[in-house]
Amino acid sequence: MDGSALRAVGWARTLPMDSTVKEARDWARRHLDTLGWTSDQPDTVDSILLAVSELVTNAHRHAHSSAQLVMTWDSRCLHISVHDFSADLPTPREPSTERVGGRGMFLVDALADSWEARPCPHGKSVTACFRPMSAAS
């Protein structure tokens, strides 16, 4: 083996409309704990859990859809992907005192090392990448 093969570990969960954002965060935290991040990367974990909250909330509230949450660790980046059944791609909006809400993707943009939204069959996927602090420098 030449070492060029990508190795990754991942987890997936469907969160129906009647599930709570806390369920999504708790599920993500358990898997981050298996990677040792809850003790070694607490600030990054906080950012990841806030992004999970925002992405799942967007799927439920704006797409009126269940959310398929996938976490993948490839030793360089932890990818958080949420698929929903709306084709409308999100865009960050500047916070406003004129409206309640609308800050979710602004927060994801600020917290994640990178993020992207892609149309796919039957909706879209939004993926945010988080690198551990030691890999970010």
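**Exercise 1. Helix α1: which residues are buried?**

Task: List the buried residues of α1, then find what covers them.

Solution. The buried residues of α1 are Ala24, Trp27, Ala28, His31 and Leu32. Look down the axis: they span an arc of only 135°, which places them on the same side of α1. An α-helix has 3.6 residues a turn, so residues three or four places apart point the same way. Next, the cover. It includes β1 (9–15), α2 (37–40), α3 (42–61), β2 and β3. The model used throughout these exercises is predicted.

**Exercise 2. Length of two helices**

Task: Check the span of α1 against 1.5 Å a residue, then do the check for α3.

Solution. Start with α1, residues 21–34. Its 14 residues should span 20 Å. The end C-alpha atoms lie 20 Å apart, so the two values agree. Now take α3. Its 20 residues should span 28 Å, and its end C-alpha atoms are 28 Å apart, so this helix agrees as well. One detail follows the end of α1: Gly36 comes after the helix and has a positive phi, near 85°.

**Exercise 3. The overall layout**

Task: State how many helices and strands the protein chain has, and give their order.

Solution. Count the elements: five helices and five strands. Read from the N terminus, and the order is β-α-α-α-β-β-α-β-β-α. Then turn to burial. Of the 137 residues in the protein chain, 41% are buried. The accessible surface is about 7800 Å², and carbon and sulfur atoms account for 52% of that surface. Last, take the contacts between residues at least 6 apart in sequence: 59% of them join residues at least 24 apart.

**Exercise 4. Helix α3 in detail**

Task: Decide whether α3 is mostly covered or mostly bare, then compare Thr44 with Arg61.

Solution. Begin with the helix: 15 of the 20 residues of α3 are buried, and α3 is mostly covered. Thr44 belongs to α3. Its relative accessibility is 8%, under the 20% limit, so Thr44 is buried. Set aside residues up to four places away in sequence, and Thr44 touches Trp37, Phe130, Arg131 and Met133.

Arg61 is also in α3. Its relative accessible area is 57%, over the 50% limit, so Arg61 is exposed. The C-alpha atoms of Arg61 and Met17 are 8.8 Å apart, although 44 residues separate the two along the chain.

**Exercise 5. The largest nonpolar core**

Task: Find which residues touch the most other members of the core, and which element gives the largest share.

Solution. The core has 28 residues. Those that touch the most other members are Leu32, Ile48, Val52, Leu69, Met71, Leu78 and Ile80. Now sort by element. β1, α1, α3, β2, β3, α4 (104–111) and β5 each give two or more residues. The largest share is eight residues, from α3.

Follow one core member, Met71. Leave aside neighbours within four places in sequence. Met71 then contacts Val9, Gly10, Trp11, Trp27, Ala28, His31, Leu32, Leu78, His79 and Ile80.

**Exercise 6. The disulfide**

Task: Locate the disulfide and say which parts of the chain it links.

Solution. The structure has one disulfide. It joins Cys77 and Cys129, with sulfur atoms 1.6 Å apart. Cys77 sits in the loop between β2 (67–73) and β3 (78–84), and Cys129 sits in strand β5 (residues 123–130). The two are 52 residues apart, so the pair links distant parts of the chain. Both Cys77 and Cys129 are buried. Compare Cys120: its relative accessible area is 26%, so Cys120 is partly exposed.

**Exercise 7. The face of α4**

Task: Name the buried residues of α4 and the elements they pack against.

Solution. The buried residues are Gly104, Met105 and Val108. Seen down the axis, they fall within an arc of 90°, so they line one face of α4. They pack against α3, β4 (114–120) and β5.

**Exercise 8. Positive phi in two loops**

Task: Are His64 and Ser75 buried or exposed?

Solution. Place His64 in the loop between α3 and β2. His64 is not a glycine, yet its phi is positive, about 50°. At 61% relative accessibility, His64 is exposed. Ser75 lies in the loop between β2 and β3. Ser75 is not a glycine either, and its phi is positive, about 75°. Its relative accessible area is 53%, so Ser75 is exposed.

Definitions and conventions: Residues numbered from 1 in each chain as written. Predicted model: local features only at pLDDT ≥ 70, side-chain atom pairs only at ≥ 80, totals over all residues. Heavy atoms only, no water. Disulfide = S-S within 2.5 Å. Helix = DSSP H or I, 4+ residues; strand = E, 2+ residues; numbered from the N terminus. Buried < 20%, exposed > 50% of the residue type's maximum accessible area, 1.4 Å probe, protein only. Expected span 1.5 Å × (residues − 1). Arc of directions from axis to C-beta. Contact = heavy atoms within 4.5 Å. Core = buried A, V, L, I, M, F, W, Y, C linked by side-chain atoms within 4.5 Å. Areas by Shrake-Rupley, 256 points an atom, 1.4 Å probe, with all protein chains shown as cover.
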